[in-house]
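This report describes a single protein chain, from its overall dimensions to individual side-chain contacts. Please consult the sequence and the coordinates alongside the text.

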Amino acid sequence: MSADRRDPREEQVRRMLDGPHPVLPPDLAAQAVRRGGRRLRLRRAAQRTAGWLLALVLVAFLVWIGVEQLWATEPAQVTPPLEGW
């Protein structure tokens, strides 16, 4: 691409990159490490809590299914007639 047919956006980006760069705070890396560590601890705590909740739900479901015994047939409500006595 020739120099006279460049995209104006590309020219604007080139001017921004060639210009003065902003001054960064000297403790930027330390702040990033602190925030990253905090985020990692929160994520691990959330995953641990979700795991415990899932385990509790599973145990509650197994207890309920054991108590209800949905696979067993219900006893008959009517006694069959006695014949042949």
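## Burial and overall dimensions

Of the 85 residues in the protein chain, 0% are buried. The model under discussion is a predicted one. Its accessible surface comes to about 8800 Å², and carbon and sulfur atoms account for 63% of that area.

The radius of gyration of the protein chain is 35 Å, whereas a compact globule of 85 residues would have a value near 12 Å. Measures along the principal axes complete this description: the C-alpha trace spans about 115 × 40 × 15 Å.

## Secondary structure

The protein chain contains two helices and zero strands. Helix H1 covers residues 8-18, and helix H2 covers residues 28-68.

The length of H2 can be checked against the expected rise. With 41 residues at 1.5 Å a residue, H2 should span 60 Å, and the distance of 59 Å between its end C-alpha atoms agrees with this expectation. The expected value rests on 1.5 Å times one less than the number of residues in the helix.

## Salt bridges at and within H1

The structure holds two salt bridges. One of them joins Asp7 to Arg9, with 3.4 Å between the closest N and O atoms. Asp7 is partly exposed at a relative accessible area of 29%, while Arg9 counts as exposed at 60%.

The other joins Arg14 to Glu10, where the closest N and O atoms are 2.9 Å apart. Both residues belong to helix H1, and because they are four residues apart, about one helical turn separates them. An α-helix has 3.6 residues a turn, so residues three or four places apart point the same way. Arg14 is partly exposed, with a relative accessible area of 40%, and Glu10 is likewise partly exposed, at 29%.

## Aromatic pair in H2

One aromatic pair is present in the structure. Its members are Phe61 and Trp64, whose ring centres lie 6.0 Å apart with 40 degrees between the planes, a tilted arrangement. The class follows from the angle, because planes under 30 degrees apart count as stacked, those over 60 as edge-to-face and the rest as tilted.

The two residues are three places apart in helix H2, so they are separated by about one helical turn. Phe61 counts as partly exposed at 44% relative accessibility, and Trp64 is also partly exposed, with 42%.

## Nonpolar surface patch

Phe61 and Trp64 also belong to a nonpolar patch on the surface, together with Leu58, Leu62 and Leu70. The accessible area of these residues together is about 530 Å². Membership in such a patch requires over 30% relative accessible area. Phe61 meets this requirement because its relative accessibility is 44%, and Trp64 does so because its value is 42%.

Leu70 lies in the segment after helix H2. Leu70 is exposed, with a relative accessible area of 52%, and therefore also satisfies the patch requirement.

## The end of H2 and the segment beyond

Which residue follows H2 with a positive phi? This residue is Gln69, with a phi near 45 degrees. Gln69 has this positive value although it is not a glycine. Most residues other than glycine have a negative phi. Gln69 is found in the segment after H2, and at a relative accessible area of 40% this residue is partly exposed.

Glu83 is also found in the segment after H2. With a relative accessible area of 67%, Glu83 is exposed. Glu83 and Trp52 are 31 residues apart in sequence, and the distance between their C-alpha atoms is 58 Å.

Note on methods:
Residues numbered from 1 in each chain as written. Predicted model: local features only at pLDDT ≥ 70, side-chain atom pairs only at ≥ 80, totals over all residues. Heavy atoms only, no water. Patch = residues over 30% accessible without salt bridge, like charges linked within 9 Å, V, L, I, M, F, W, Y side chains within 5 Å. Areas by Shrake-Rupley, 256 points an atom, 1.4 Å probe, with all protein chains shown as cover. Salt bridge = Lys/Arg side-chain N within 4 Å of Asp/Glu carboxyl O. Buried < 20%, exposed > 50% of the residue type's maximum accessible area, 1.4 Å probe, protein only. Phe/Tyr/Trp six-rings, centres within 6.5 Å; stacked < 30°, edge-to-face > 60°. Rg over C-alpha atoms; globule rule 2.2 N^0.38 Å.
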